[in-house]
Amino acid sequence: MEKRGLTDKEVQKKFKEYGYNEIKETSLTSPLKILLRQIKNNVVIYLLVVAVIISFFVGKSITAYALLAVISLVIITGFYQEYRAEKVINSLKNMLMPISIVIRNGKEIEISSKEIVPGDLIILRNGEKIPADCIILEEKDLYVNESVLTGESKEVKKIASIKGKEDNDENMVFMGCFVVNGKCIAKAIDTGMNTKFGKIAGMISTAEKELPLQNKVNNIAKFMIVVAIFFSILTGISILFSKPFSENLFLDTLILVIALAVSAFPEGFPVVLTTSLSSGAYRMAKHNAIVNRMSIIETLGETTVICSDKTGTITKGEMTVKKVFEDNRLIDVTGTGYEGNGDFLFNNKKIELKKERVLNDLVKCAVLCNDSKIERTGEDKIFHITGTPTEASLLVMSAKADVYSEDISYKRVEEIPFNSERKIMSVLCKTENGNFVYSKGALEVLLKRCKYIQRNDGVFTLTERDKKRILNYNKEMTSDCLRTLAFAYKPVKSFSKDHFEENLIFIGFVGLEDPPREEVEEAIHLCLKSGIKVKMITGDNKETALSIAKRIGLNGKVMEGEELDKLTEEELSKVVSQISIFARVRPEHKLKIVKALKLNGEIVTMTGDGVNDAPALKEAHIGVAMGKNGTDVSRSVADLTLRDDNFATIVYAIKEGRTIFKNIRKFVSYQLSCNWAELIILFIGVLLSPFFGWQIPLLLALQILFMNLITDDLPAITLAVTPQSKDVMEEKPRKKKEILNKSIIIWFAIAGLSMAIITLGVFYISFNLFKMDFITARTTAFASLILLELANAYNFISFRHKVNFGTLLVNKYLFIASLMSIFATLLIFYTPLNKVFETTPLGLVSWGIAIIASLMIIIIFNILKKLNEKREFFKLEHF
């Protein structure tokens with residue numbers, strides 16, 4: 001079959017005919033639906049509508065219109081926050097665009113999967129998600145998981161269509177399914193909504209997991225609603241009994257009760273929670289951590305163990321062949337990265353490659369037993385790779401010897417693909433010199449399948465002495481942080497795969513450098529400091545693993561895969577805490593490690609990139625997939641995807657998870673302290689009024705609603721986006737903690753009570769001592785409470801660090817919100833709006849009282865924080 005594929009003109013024609021290969025997203029919410037949901041689910045709006053009707057009924061049209069404005073503001077604020085959060089969440093889904101390899105114009109190229117059109121020839125390999133419904137034209141040991149369509153998890157064997165046309169499902173692969181073994185070339189016949197997957201897309205649930213945090217916040221909100229209703233009704237009854245009854249008094253009191261209940265209703269909790277989670281997820285995305293499920297953000301902060309792959313996560317994943325062992329000698333290879341400039345040196349002298357038979361055979365084997373591709377980027381001998389970094393590095397090594405696959409006349413007839421269990425790949429090639437099997441794989445595994453060894457002067461029997469020498473050279477390389485990969489071949493007469501990998505001729509092996517990422521050592525130190533244990537998992541041998549561990553500052557015992565096989569999960573759970581390095585591990589070992597750690601009560605974050613890593617990723621509390629070098633299978637089950645495959649990114653995500661939880665605690669406790677203060681002021685004000693000659697209520701309904709929107713909700717929203725504190729990783733991991741513990745409840749209760757006492761004190765000083773008229777005294781108390789709540793917000797930025805002038809700029813959004821609140825307050829004092837809110841312009845004395853009052857709350861809490869440093873009355877952790 002000619003693998004020409006579509007031409008550019010044919011592709012453009014198909015685009016016009018079929019459009020993009022996209023499944024219509026059913027989970028996106030339209031702005032109108034969000035708006036209607038805001039109105040439908042917000043009990044505050046219904047209460048305010050009742051207040052509007054009552055106001056119109058008693059002839060208070062100004063109050064009614066003001067309440068309508070408040071309703072509009074509540075709806076707009078809620079809509080904006082939810083719509084913005086939804087946009088952020090949906091934008092995260094587009095940050096990892098699936099990539100497919102297609103053949104066009106006779107060349108293999110990478111394109112976005114949505115750009116596939118019917119007629120495209122697609123190359124599908126182990127672990128990849130199928131991007132369209134296709135007919136199989138060629139296949140090698142192809143097995144597909146079709147559970148997304150059938151519900152059956154059993155792997156399905158697929159075979160090529162003889163005629164190249166659709167015969168039955170056995171000759172087809174379907175969009176949304178995964179290749180779990182082998183590879184194939186397939187021709188796309190249906191894309192997007194025309195596929196089987198597309199036709200049932202509307203029935204596939206894309207619902208988010210239930211958020212544990214959402215339940216916790218909702219429980220707090222329900223409790224506060226009960227408290228709000230109780231105190232509001234109690235306050236209303238107290239007012240009615242303190243004055244002669246009249247219809248106007250009853251209706252005014254009813255409006256006040258509604259306003260007070262509204263102010264104490266934490267209706268902003270769900271919106272602020274969504275804002276906090278979505279903004280945190282967006283910050284993670286900017287640092288290359290894509291959250292696949294919002295429900296795991298809380299769990300991130302609870303992580304106690306990180307199990308990380310070595311290759312590509314702890315190390316850079318940019319392979320370079322540095323040494324070659326062949327014919328009982330070590331050859332150095334110069335050059336780095338994916339640049340084809342370099343030399344082969346023996347004893348620091350350049351080798352004449354034409355005279356090196358074994359080295360040429362090794363290079364040829366590296367090229368032919370290879371599924372990756374390299375292409376020049378336009379610059380001389382700088383290559384762009386398609387495929388795995390390991391295989392690409394072999395092609396770059398061959399390019400240094402001026403050997404390219406295009407220059408070799410061969411045809412690949414059969415192959416046995418590599419998988420993580422066999423650790424070998426073999427191909428049967430028909431060449432000008434005959435038929436040959438070429439194999440590459442893990443040295444220890446491949447060496448067992450070799451009977452002979454290639455030398456420059458011929459082929460000889462591989463003796464135990466030869467094997468021992470080879471293993472010693474291997475140990476020398478691995479101790480120097482090099483990964484090793486061995487090569488073998490043999491001539492064959494038949495094309496049968498039955499004895500592919502028996503009696504092979506050993507050629508040699510290469511040492512590949514994959515240095516640790518520079519930032520990993522610091523990240524691991526940070527983890528250990530914060531009580532998070534790190535375990536490195538690798539398929540490499542013990543020496544390589546230990547060498548890398550030493551360079552990144554990871555200490556502990558080593559366990560190899562063979563030892564893991566001998567232990568049950570229960571036995572492993574007893575010793576797993578002492579093990580820091582797992583070597584020669586297979587994917588099924590990862591699952592056993594996760595289960596053993598969970599038996600010990602650990603919260604486990606596990607990384608994975610291969611097909612067989614999926615069970616371990618699903619079993620872990622947080623499964624982390626690789627965005628660059630991972631498979632579609634692993635990404636589909638993961639909770640978090642790393643765009644840069646970097647261990648340090650996991651640590652950043654944990655820091656962000658901790659920060660989000662702390663910020664949620666801050667905004668919840670702050671808003672509750674404000675609600676608590678307002679309830680106390682109005683209730684106690686009614687009780688004290690007969691003794692001091694005060695009119696009641698001390699604060700009006702519109703004034704309460706103004707504070708609720710301007711000085712409660714606005715600062716609370718900004719507290720939800722407080723930046724990470726420098727010491728967020730200095731505390732031990734929390735385990736399933738509630739948002740409000742005993743210490744935090746006492747803390748916000750003190751804040752609410754303090755603000756209430758100070759505000760009542762301000763009213764007493766203004767009305768009883770300074771003999772101000774009632775409206776001026778009320779406005780002074782009103783201004784004081786506004787400034788108190790704004791100042792109190794800075795107390796809640798940190799429960800440990802005292803407030804000073806530098807604190808003003810710790811959270812720039814809070815600073816801006818404070819200025820906006822003060823500006824809005826001035827508007828209702830010094831413009832005609834003062835008639836609506838029944839306020840009056842204040843003089844210097846009143847402002848002086850209000851400013852001193854607001855400073856008092858900062859002084860009180862600075863003293864509390866100082867005392868808590870010495871005695872730890874409150875267990876407030878590293879806030």
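A residue counts as buried when its relative accessible area is under 20%. Keep that cut-off in mind as you explore this structure, which is a predicted model.

**Stop 1: Thr-303**

Start by selecting Thr-303. Its relative accessible area is 0%, so Thr-303 is buried. You will find Thr-303 in the loop between α10 (297-300) and β9. Now show its side chain: a polar atom there lies 3.0 Å from the backbone oxygen of Leu-300. Which residues does Thr-303 touch, leaving aside those up to four places away in sequence? Select Ile-532, Ile-603, Thr-605, Ile-622, Ile-654 and Pro-733 to see them.

**Stop 2: Lys-590 and Asp-309**

Next, move to strand β9 (residues 305-309) and pick Asp-309. Its partner is Lys-590, and the two form a salt bridge whose closest N and O atoms are 2.6 Å apart. Lys-590 belongs to helix α20 (residues 587-599), so the bridge links distant parts of the chain, 281 residues apart. Are these two residues buried or exposed? Both Lys-590 and Asp-309 are buried.

While you are at helix α20, select Glu-588 together with Arg-586. Their side chains meet in a salt bridge as well, at 2.6 Å from N to O. Here the surroundings are described by other values: Glu-588 has a relative accessibility of 35% and therefore counts as partly exposed. Arg-586, at 23%, is partly exposed too.

**Stop 3: more salt bridges**

How many salt bridges does a search of the whole structure find? The count is 35. Another one to view joins the side chains of Arg-104 and Asp-120, with 2.7 Å from N to O. Arg-104 sits in strand β1 (residues 99-104), while Asp-120 is in the loop between β2 (107-112) and β3 (121-124). These two residues are 16 residues apart, and both Arg-104 and Asp-120 are buried.

Then select four residues together: Lys-183, Asp-371, Arg-412 and Glu-415. Salt bridges link them in a network.

**Stop 4: helix α17**

Colour residues 542-552 to bring out helix α17. Its buried residues include Thr-544, Ala-545, Ser-547, Ile-548, Ala-549 and Ile-552. A general point helps when reading such a list: an α-helix has 3.6 residues a turn, so residues three or four places apart point the same way.

What do the buried residues of α17 pack against? Show the helices α11 (310-314), α15 (464-479) and α16 (520-529), along with the strands β21 (482-492), β23 (533-537) and β25 (579-583), to see these packing partners. Finish this stop at Gly-553, which follows α17 and has a positive phi, near 80°.

**Stop 5: Leu-277**

Go to helix α9 (residues 269-286) and select Leu-277. With 2% relative accessibility, Leu-277 counts as buried. Add Ile-660 to the selection: the C-alpha atoms of the two residues are separated by 6.9 Å, although their positions lie 383 residues apart along the chain.

**Stop 6: aromatic rings**

The structure holds 23 aromatic pairs. Zoom in on Trp-694 and Phe-763, whose ring centres are 5.0 Å apart and whose planes stand at 80°, so this pair is edge-to-face. Trp-694 is in the loop between α23 (647-692) and α24 (701-719), and Phe-763 is in helix α25 (residues 742-769), 69 residues apart. Trp-694 is buried at 7% relative accessible area, and Phe-763 is buried at 2%.

Stay with helix α25 and pick Trp-747, then add Phe-799 from the loop between α26 (774-795) and α27 (812-830). The centres of these rings are 5.8 Å apart and their planes lie at 35°, so the pair is tilted. Trp-747 is buried, with a relative accessible area of 0%, and Phe-799 is buried with 1%.

To see a group of rings, select Phe-692, Trp-694, Phe-763, Tyr-764, Phe-767 and Phe-774. Ring pairs link these residues into a cluster.

**Last stop: charges over rings**

Two selections remain. Show Lys-196 with Phe-174: the charged end of Lys-196 sits over the ring of Phe-174, 4.4 Å from its centre. Then show Arg-329 with Phe-346, where the charged end of Arg-329 sits over the ring, 5.1 Å from its centre.

Conventions
Residues are numbered from 1 along each chain as its sequence is written. This is a predicted model: local features need pLDDT of at least 70, side-chain atom pairs count only at pLDDT 80 or more; totals for chains, interfaces and linings use all residues. Side-chain values use heavy atoms; hydrogens and water are left out. Helices (H or I, at least four residues) and strands (E, at least two) are DSSP runs, numbered from the N terminus. Buried means under 20% relative accessible area, exposed over 50%, partly exposed in between (1.4 Å probe, protein chains only). Contact means heavy atoms within 4.5 Å. A polar contact is a pair of N or O atoms within 3.5 Å; within protein, one must be able to donate a hydrogen and the other to accept it, and residues adjacent in sequence count only if both atoms are side-chain atoms. Rings of Phe, Tyr and Trp (its six-membered ring) pair if their centres lie within 6.5 Å; planes under 30 degrees apart count as stacked, over 60 as edge-to-face and the rest as tilted. A charge sits over a ring if NZ of Lys or CZ of Arg is within 6 Å of the ring centre and within 35 degrees of the ring normal.
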